[in-house]
Amino acid sequence: MPDGGRRTELHLLFDQLISESCGPEPAAAPGPQDVCAVLVQACQLVPLDQEHLVSKVCQLIHHLLNRYQVMVDEQNLNFLLSYCISALRQCSSWTHVEILQALAALVYNNGPKCQKYLPDLLGKAGLLLHFSDPGQPDVELRRAAVRSMANLCLSVPGQPYLDESYRSVCFQTFLSVLQSSKTTDVDDITFCMLLQSALKGIQSLLNGGKMKLMQTDQIGALLAVLKKCMFHGLPGLSIEVPTALYPAPLPQYDKRSPVKQEQSEPATSKQTGSRRKKCKGKQKKGEFGEEGREDSGDAGNESVLGADMLKLHLGDVQSSPCPDPQPRVSGVCAGKDPLSSLPTGWKRISSSESEYSDTEGGIQSKVRSYQANVRQGALACFLSTIKSIEKRVLYGYWSAFVPDAPGIGSPQSVSLMTIALKDPSPKTRACALQVLSAFLEGSKQFLSVAEDASDHKRAFTPFSVTIASSIRELHRCLLLALVAESSSQTLTQIVKCLANLVSNAPYSRLKPGLLTRVWNQIKPYISHKDVNVRVSSLTLLGAVVSVQAPLPEVQLLLQQPSSSGLSSSGSTTPRRSMSCEQWRKALPWAGESPLDNAAGCGPAEPCWLLRLCVSIVVLPREDSCSDSDATFPSLSSIYEPCPLRLEALQVLALLVKGYFPMAQGYFLELGEVACRCMEEMDPSIQLHGAKLLEELGTGVLQQHKPDSPTAPEQRVPVSVVVTFWTMMLNGPLPGTLQNSPHATLQTSACDALSSILPEAFSLLQGDQQILCVTLLLGLNHSENPLVKAAAARALGVYILFPCLRQDVMFVADTANAMLNSLHDKSPNVRAKAAWSLGNLTDTLIINMETMGQSFQEELSDLLLLKLLRSATEASKDRDKVKSNAVRALGNVLHFLQPCHVAKPRFREAIEESLQALIATVGSEATMKVRWNACYALGNVFRNPALPLGEAPWARQAFSALSSVVKSCKNFKVRIKSAMALSIPSKRECYGSTEQFCQIWSALVVALQRSEDTEDFLEFKYSSSLRTQICRALLHLLQLARSTDLPLIGGTLREHGGAIKPYVLQYLRSSGEENEAGTHTDLGERERGLQGAIDHLSGIERELQGKARVRVSLYLEDVLTSHTNATELTES
C-alpha cells in the first residue's frame, strides 16, 4: 500500500494526465502500445482499497481510450478488465460509475476478446445485469451499465458474435430501459443518455448480430418503445403508446393529450424565418459517432445513430424556403397556408433562444439537443428493425407509423410524417423520411389492394379503401413537407421518399390527380441550387413515367406545354429556358426527321420532360453551380454535374420505354443523344447512352410486332429505323463493342445491337450487316462472362432474322459459337447459349418447312451430330440451361432425316437424347423445364423418320407423358403432355393395343382429375386442360382399331356418366384459344366428334355385334345431347 506522500504524488500525476487527455490535441498523439502500457502501470500502482485513486485510474482509462481511439490488445485487455471487474465487486458504490465508464471504453469493439468475462458481466448474477436493473435507484449508474452492455454488443467483422443467450438477456435489458418512464428526481439529460445507450444497444444487436425478429410479442414490444422514443421531447406533442403494438389491418389510434405550451411557444407565431437556424457546434471527428465509446456530451451536437444514417451526410444548410409556396400548395390543401391549416400541435417550434436568459436558454437548448438525439437514435434503430422483420409481418403495423386521413372531428394520428413535418431538427426530419422510405420500399404487393376509383357506399370501410386513403394522405403530407422544407439535405430525402411512394402505389386503381400534384410541385426543384435536390427530383420524375406505364394521367402531363409549372426564384438557379429552335440546333438531326410530318409523331413543341433531359445531357451549363456540385467532379466541367446527366439519361430511357409513342417523334434526335453520350470519355455516361439506345431499339421492335396494337401508319417507318441504325453503325457503337475496357459497357452495347428491327437489318448495306454479325461472333469468344453471355443472346436474336436464318453459313457459324458457349464455366453464359440454341433449332424447323430438302442437305451431318450431343449434355445441367436444352433436343430430333437415323453414329446419340428427354419429363425439375420437355417429345412424335411404333423408347415416352397428364401439380405441364399424346397421326405410332389402351385410360383418369389441385392458382388452367384432354381422346377414337374397342367400351361403361359433362362442355366452349394460340370453332369440334362416330361405326359393323359396348352409340348420345342443348339455347 502506498504511503501518504506516494498517494499524494499519484493523485497529482493522475490529475495531470486526466487534464492533458481533456485538453488541446497534442502535436504527436501517443501510440496505442504506449497508452496501454501507461494504463496497465497505473492499475498496478493502485490497490483496490484506495478508492479515490481507483476512481481516478478509471477516469484515466475512460479519457485516454476515448481521446486517442485506442483498441486495447488482448493481453492488456485481460489485465484491465479483471481489474475493473474486481473493483466493481470490492469498491464502494460511489466509485461504480467511473469504473463502468472505464469498462465501456475497454469493451468497445472488443466484444469477441471478452468471451471469458461474459459470465461475470452478463451471466445470471452478472454485474451489468445487476447495475442495469430497473430497480436501480442511481440512474447515472444504470446508464453507465447499459452503455457498457451496448458496447459489448457491437460486432467486429470476421469475429464471432455474442451467444444467443447473452443476446437475449441484453435485448430484454435494453427493452426494459426503453419501457421505463422518467421519474421526477431524474434530470432530462441523464434520462436521454440512458435511452440513447439502450437504443444503440438494440441497433447493434439487430445490425451486427443479424438478429431476426420473429415472435409477435417481441416485435410489438420493440415497435411500441421505438414509437414512444421517436417522439421523445418533440415540442407540442405528448403521446401515450401501449406497451406493445399488435398487427392489425385497421388503424390503431393514439391517445393524445395536449401539452402545456412551453415558454418558447409564443415564438411560433413569428417562426417562419428563424425556425431552423443552423445548428451551432460541429461534431468533433471521432468523438461522438454512431458507435462512439461515449454518449454525445456536447449540447450542440445532433449525432445520427446508425451506419445507414451516417451515409446521409446531413447538416442543416441555411437556405431560403421554396419559392411561391402559395400556388403550389393549393393543389394539396385547397389554397390554405400549409402550416396554418394544420392543428397547432403540428407547427414547428422555433429553436430561437432569445426569450431565455443565458443560463436558462443554455440548459433548454442542451435538453432539446439531447431529446433530438434520442429521436434520431430511435429512428436509426427503427431502420435496422425494418431490415430485421419480414415485410409481410411489418405491414401489419402499417397504420401505427403511416398517416391515414383523419376522420371528421378527430385529430390527425401521429406517424412518421408528424416528425417529418414538425420536428425542429432537420437531421431528425431526414431520419424520419429515410425510415418512411424503407417502409415503402417493396410495398408494391401490399399497396396493390388499394382502391378508391369507385365511390363505395357500404356500412363499413373496406380495407382497400383504408389503404387508398393512407396513400392519399402520404401524398398530401409529403407535398406539404416539400413546400415547408428549407434544408437542402432534408429536401433531398423528401423527394426520394416521394419517388419510393410513386414507385409502389397502384395509381391505376386510384382516382386520378395524385401524380398531377406531384408533377406540378416537383417542377421548380429541377432548377434548385443544390445538385442533390435536382438529381432526386429527376429520380422522382423517372418514377412517375415508369410506374404502371402507360397511365392516361401521365400521358396528359407529358403533353403539357413546356412552360407550365416552371418558375425561377431565390432557391432555384437561373437556368436557360431552351427554346424549341435552340434544342433542334443543338442536335444536327433535329428538324430533319421524316417523322415530323408522319402520323403519330409528337407535338410541334417537344415534350417538356424530354426537352429538359436532353438539355441537361447535351448542352453546356450556363450558370454557376452550388457547393454540392463540387462533390461530383466530372470529366468535362463544361457540362452539368455527372450524377445529374446520368439521372436525365435514365429518365429518357424510362420515358422511351413507357411512353414510346410520345418519344417517337424525336426518334433520330434521341439516337443522336445516345451517340454523343457513347462518344464521351466517362464510361458511366457511355453506359447510359447505350441503355437509351437499347430502349429506342426495343420500342421500335415492340411497335412492329405482329400483335402490336399500334396501327401500321402510326409506327416509326422502317426507312427511319434504317437511317437510325446506319447512324449508330457509322458512329461510336462498333468501337465501343470492339475496344471498350469496360465489360458492363460492352454488355450493354451488345444488348443494344440485338434490339435492331429485323426488317431494318435486311435493308442495311451489306458491309454493315457483315459488321454486326462479325462483331457478335467475335464477342462470343470474350473472356468476360457478361460480354460472352450478351453476345450469345444477341446471336440467338439474329438467328431468327428472315434474311439470316436461310444463310447456311451463318447458321453453321452461330451453331458452332453456341456449342462453344455451352461448355463455358459461367452458368449465365451457358443459359444464354442454350436459349440461343433453342432459337437456332427453331429456325431449322422453319427452314425445313419453307425451303425443303435443299437446306437439309446443305447442313453438315457432323454439325447436326454435335448439336444433338451438346444439347443432350446440356439437358443434365442446371434448370436454367436445361429448359432450353430440351427444347433444342426436340427440334433437332424433329429435323433428322431417314438418312441420319440410319447411320450407326447417329443411332447412339438419338437413343441418349431420347432417354434424356424422357427422364426430364418425369423428373423433379422446375415446371418450365418439364413443360419444355413435354413440348420436345411432341416435336419428336412429328418426325415420321423415327420408329415410333416399335421402338422401346417410345413405350417409355408414352408412359412418362401418361403419368404426367394424370398427376403433375402444374396444369400447364399436364396440358402440354396431353397435347403431345395427341400428336402421332397414325394408329401404328401408338404401338400395341395394350399401350394404346393405357394412354386412353390415363387420359380418362386425367379428365376426371382435372379439377383436383391443392394450388388455387392452377384452377384457371383447368378449363384449358379439359379441352386438350377431350381433343386427345377424340383423336385416339378416330384412330382406334377393333382390338382397342373392348377396353375403350369398358372404360365408358364404368366412367361414361362422369366423362359426358366434360365432353359436352368441350363442344359448347367454342372459339376459345388453345395452348398453341389458335382458335377452334364449334363446327370443327362437332366434325371431330362426328368423324370419331363414323370411324367407330364402321369398325363396329365389321365386328357384327361382337362389341359388348357400342362406343359409337355413346358418342351419338353425347352429340344428340349437345345438339338439343344448342337448339334450346338458340330458341
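A salt bridge is a side-chain nitrogen of Lys or Arg within 4 Å of a carboxyl oxygen of Asp or Glu. By this criterion the structure, a predicted model, holds 19 salt bridges. Three of these pairs, two charged surface patches and two cysteines are the subjects of the legends below.

**View 1. The salt bridge between Arg830 and Asp877.** The side chains of Arg830 and Asp877 meet here, with N and O 2.6 Å apart. Arg830 belongs to helix 39 (residues 827–851), while Asp877 sits in the loop between helix 41 and helix 42, so the pair ties together parts that are 47 residues apart in sequence. Arg830 and Asp877 are both buried.

**View 2. The salt bridge between Lys882 and Asp879.** The closest N and O atoms of Lys882 and Asp879 are 3.8 Å apart. Both residues lie in helix 42, and because they are three residues apart there, about one helical turn separates them. Lys882 has a relative accessibility of 15% and therefore counts as buried. Asp879, at 27%, counts as partly exposed.

**View 3. The salt bridge between Glu390 and Arg392.** In this pair the distance between the closest N and O atoms is 3.1 Å. Glu390 counts as partly exposed, because its relative accessibility is 41%. Arg392 has a relative accessibility of 65%, so Arg392 counts as exposed.

**View 4. A positive surface patch.** The residues that form this patch are Lys832, Arg878, Lys880 and Lys928. One of them, Arg878, is placed in the loop between helix 41 (861–874) and helix 42 (879–895). With 48% relative accessibility, Arg878 counts as partly exposed.

**View 5. A negative surface patch.** Four glutamates, Glu873, Glu908, Glu911 and Glu912, form this patch. Helix 44 (residues 904–921) gives the most to the patch, contributing three residues. Glu908 is found in helix 44. The relative accessibility of Glu908 is 52%, which means that Glu908 counts as exposed.

**View 6. The cysteines Cys431 and Cys750.** Cys431 has a relative accessible area of 0% and is therefore buried. Cys750 is likewise buried, with a value of 0%. A disulfide is a covalent bond between the sulfur atoms of two cysteines. Zero disulfides are found in a search of the whole structure.

How values were computed. Residues numbered from 1 in each chain as written. Predicted model: local features only at pLDDT ≥ 70, side-chain atom pairs only at ≥ 80, totals over all residues. Heavy atoms only, no water. Patch = residues over 30% accessible without salt bridge, like charges linked within 9 Å, V, L, I, M, F, W, Y side chains within 5 Å. Areas by Shrake-Rupley, 256 points an atom, 1.4 Å probe, with all protein chains shown as cover. Lys, Arg positive; Asp, Glu negative; His and termini not counted. Charge placed at Lys NZ, Arg CZ, Asp CG, Glu CD. Helix = DSSP H or I, 4+ residues; strand = E, 2+ residues; numbered from the N terminus. Buried < 20%, exposed > 50% of the residue type's maximum accessible area, 1.4 Å probe, protein only. Disulfide = S-S within 2.5 Å.
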